Amino acid sequence: MNADTRIYLDHAATTPVDKRVLKAMLPFFTKTFGNSASMHSFGLEAEKALDEAREKLAQALSCTKEEVFFTSGGTESDNLAILGTVRRFKREGKGKHIITTQIEHHAVLHAIQHLERKEGFSVTYLPVSKDGFVSVSSVENAITPETILISIMHANNEIGSIQPIKQIGELARRKSILFHTDAVQTFGKLSTNVNDLNVDLLSASSHKLYGPKGVGLLFVRKGTPIESINFGGGHERGLRSGTENISGIVGFAEASRLAQENLEKEAEREKRLRDKLIHGVLKVEGSWLNGSRENRLPNNANFGFDFIEGEGIVLYLSDRGIAASTGSACSSHDLKPSHVLTAIGLPPEKAHSSLRLTLGRSTKPKHVSYTIEKIIEVVAKLRELSPLKKGVEFKTSAGWKEDEHEHGVECKH
Ligand SMILES: *Cc1c(COP(=O)(O)O)cnc(C)c1O
């Protein structure tokens, strides 16, 4: 490791496009560029590519091609799944109650909050355990005759907790309630067989599995009542208008195929590295792991450190060539820390100290060793500067930032 070292440990945020994926995509920019809705040969070629891609992705989900709808990404898939089903129920005079959790991605949470505040729906936001799990019985207890949709993520993007989707799906089916899962963090990492998971709707995104950005899918089980949330030329069988992003979709399908090919092996490899990382970092005094030790995404580790702030650690690690992230948006304590860390019961000062490291295909054992070494160094350095440790009140903790920090931290939102 030298001065130019750059280690990317933020794969939950996004991943690089795999070279094989890029290669599969290239002809679709200049050669096979047609609009699948056109009748001429260019259109037909595009239609064929789209069909093949849909088939590959359907295989990864164990569903039919007709149940796969392409979108612009995970955010749109979540919005379509939620708004598209409950608005239809409302128009048809069905119930108005939605069940979700406190730790969903904002694509789900903000869509549902909008429905609650502006469209007259009522919502139960289920709490999670201190390890980040929702209990099946809490879902059951929340169900009322008015409940029309349950939306619970497969695995959490911050702390990696994997939810009991199969059991919740069984329950939802028994009660005849639609069940959506945001599988953006698991598609291409864990099995996402929609029949094993008992889901009616599932969201996935290409750029989290070494495909291009700006493309995703929504699985909609045959017969699921859903209506479009945008209007136009009637693409994707009328559910999602807009000329399909052919190159992106082809890339997404190839990325999925590659991920499926090596799913278990790569998960095992990353899990070993993750455990090595956890083992090494937890040797730091006053450190802890956020989320469960066992039942978490194979590539996710999320730590907390007494007396220091996640943002400081991330910036200092960045200076040392390591890309990580934090659940703390800003060192100002007027601002709320991550809703996920709050939901697992961390007090604000502990939630503000989080450091998320998410491994990927390029991660090697030497990167993990280097990262452990640098975290130990950075934590020690930041603690030396931290007024918290000296018993100064927490709200003055930005002091180190003004005096000592090399960057002059600005709040980012
Ligand atoms: C990244 C992510 C999304 C958003 O997906 P985009 O394709 O970036 O819109 C949604 N849910 C989860 C859990 C995510 O990690």
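The lining of the largest cavity in this predicted model is made up of eight nonpolar, six polar and five charged residues. The cavity itself holds about 180 Å³ of space. It has 19 lining residues, and those closest to its centre are Gly188, Lys189, Tyr210, Glu266 and Glu270. A search of the whole structure finds two cavities of 30 Å³ or more.

Where does the largest cavity lie with respect to domain 1 and domain 2? Domain 1 spans residues 19-261 and domain 2 spans residues 263-410; both give residues to the lining, so the largest cavity lies between them.

Two helices can be named in this lining. Helix 9 (246-261) and helix 10 (263-281) each supply at least two residues. Helix 10 gives the most, with four residues.

The second largest pocket is a separate topic. About 190 Å³ of space lies in this pocket. Its lining consists of 18 residues, and Gly74, Thr75, His105, Val184 and Lys208 lie nearest its centre. Which helix gives the most to the lining of the second largest pocket? Helix 4, residues 74-91, does so with four residues.

The table sets out the lining residues of each space by class.

| Space | Nonpolar | Polar | Charged |
|---|---|---|---|
| Largest cavity | eight residues | six residues | five residues |
| Second largest pocket | four residues | 10 residues | four residues |

Note on methods
Residues are numbered from 1 along each chain as its sequence is written. This is a predicted model: local features need pLDDT of at least 70, side-chain atom pairs count only at pLDDT 80 or more; totals for chains, interfaces and linings use all residues. Side-chain values use heavy atoms; hydrogens and water are left out. On a 1 Å grid over the protein atoms alone, a cavity is a set of points where a 1.4 Å probe fits but cannot get out, and a pocket is an open set with protein on both sides within 12 Å along at least five of seven lines; lining residues have an atom within 4 Å of a point. Grid points are joined across faces, edges and corners, and a volume is the space filled by probe spheres set on the points. Ala, Val, Leu, Ile, Met, Phe, Trp, Tyr, Cys and Pro count as nonpolar, Asp, Glu, Lys and Arg as charged, and the others, Gly among them, as polar. Domain bounds come from an automatic or database domain assignment.
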